[in-house]
Amino acid sequence: MKLTIFAATGGIGRQLLEQAVEAGHDVTAVVRTPQKLPGELSRQVRVIAADLAAPNPAVLQTAVEGADAVLSGLGPRSNSEAGVATEGTRAITAAMKAAGVRRIVVVSAAPIGTVPSPGRPDPPKHDPGDGFFIRYLGAPLTKAALRRHYADLAQMEDVLADSDLDWTAVRPPRLTDKPLTGSYRTARGRNLRRGLFISRANVAHFMLRALEHPETVRQAMGIAS
Ligand SMILES: NC(=O)c1ccc[n+]([C@@H]2O[C@H](COP(=O)([O-])OP(=O)(O)OC[C@H]3O[C@@H](n4cnc5c(N)ncnc54)[C@H](OP(=O)(O)O)[C@@H]3O)[C@@H](O)[C@H]2O)c1
């Protein structure tokens, strides 16, 4: 496939890039700092520089033109960068519409199903997949600590839901740097019971796999080891 990968220098983004190249896909990597890509990898893909906090529509349209699908590992590096997932994804989806590209898979986070946003002001109080510990201890604590970050991801999901694109938002719990196993659980529209962790490598694996699974279209997908 012809794939455009946004934020290919991040934890998940780098995994997306390596796994996509390994699988023989024709890859365009869109990154804010091209020097962060190792030389050998950057020689195997087309690299486009783009700061998604100040997106240039023409550059983004060039980056997605002719792609079969777009994958994004974009997320704020810190609370002060919160907002970039929403605005960056808005710019990416606008470029996709302009270029006639329909499929996009992005990274969100496990608590987002219960985070209010302008597009979903009254989400369910609890995710049906979360057990007692996550509902009453884990989720309230992380939501308090990462309030701005989660608001950004919830609004990013609004951007996708408001588009007529074929989107999938993957909602991982805590990310680890454990190796790729290809062995993990997924669920449509809910989290996984006792699903506390997942490796970045396995999230990337599932994002690529989702491209072959139409039942993931217009869905938020829970994932956990
Ligand atoms: N950490 C967790 O446990 C956890 C759990 C659930 C969900 N998540 C979500 O998953 C996302 C991905 O995780 P990760 O570990 O792969 O994150 P990460 O390593 O922090 O990667 C974030 C990516 O976004 C890029 N980015 C940020 N601002 C940008 C901008 N203005 N323009 C262009 N690119 C920009 C970064 O580029 P640079 O390399 O140039 O900085 C980097 O490639 C997180 O951001 C978070 O929203 C995280």
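Is Asp166 buried, partly exposed or exposed in this structure? At 23% relative accessibility, Asp166 counts as partly exposed, and I would ask you to keep in mind, here and throughout, that what we are looking at is a predicted model.

Let me stay with Asp166 for a moment, since it has a partner: Arg102 forms a salt bridge with it, and the closest N and O atoms are 3.3 Å apart. Arg102 sits in the loop between helix 4 and strand 5, whereas Asp166 belongs to strand 6, so this pair ties together parts of the chain that are 64 residues apart in sequence. Arg102, for its part, also counts as partly exposed, at 39% relative accessibility.

This is one of six salt bridges in the structure, and I would like to show you two others. In one of them, the side chains of Arg90 and Glu87 meet with 3.0 Å from N to O, and here both residues lie in helix 4, three residues apart, which is about one turn of the helix. Arg90 is partly exposed, with a relative accessible area of 41%, and Glu87 is partly exposed as well, at 42%.

The other joins Glu157 to Arg171, with the closest N and O atoms 2.7 Å apart; Glu157 is in helix 6 and Arg171 in strand 6, 14 residues apart. Are these two residues buried or exposed? The cut-off for buried is under 20% relative accessible area, and because Glu157 has 10% relative accessibility, it counts as buried, as does Arg171 at 6%.

Arg171 also leads us into the strands, where its bridge partner in strand 10 is Gly222. Strand 6 and strand 10 run parallel and are joined by four bridges, while strand 8, residues 185-188, runs antiparallel to strand 10, again with four bridges. Gly222 appears here too, as the bridge partner of Ala187. Strand 10 itself, residues 219-224, is mostly covered, with five of its six residues buried.

Finally, let us turn to the nonpolar cores. The largest has 33 residues, and those with the most contacts inside it are Phe6, Val70, Met96 and Ile104. Several elements supply at least two residues each, including helix 3, strand 5 and helix 6, but helix 4 gives the most, with seven residues. If you select Val70 on your screen, you will find that it touches, among others, Phe6, Ile92, Met96 and Ile104. Apart from this core lies another, of 29 residues, which includes Ile198, Ala204, Phe206 and Ile223.

Definitions and conventions: Residues numbered from 1 in each chain as written. Predicted model: local features only at pLDDT ≥ 70, side-chain atom pairs only at ≥ 80, totals over all residues. Heavy atoms only, no water. Core = buried A, V, L, I, M, F, W, Y, C linked by side-chain atoms within 4.5 Å. Buried < 20%, exposed > 50% of the residue type's maximum accessible area, 1.4 Å probe, protein only. Contact = heavy atoms within 4.5 Å. Pairing = 2+ DSSP bridges. Salt bridge = Lys/Arg side-chain N within 4 Å of Asp/Glu carboxyl O. Lists of a residue's contacts leave out its neighbours within four places in sequence.
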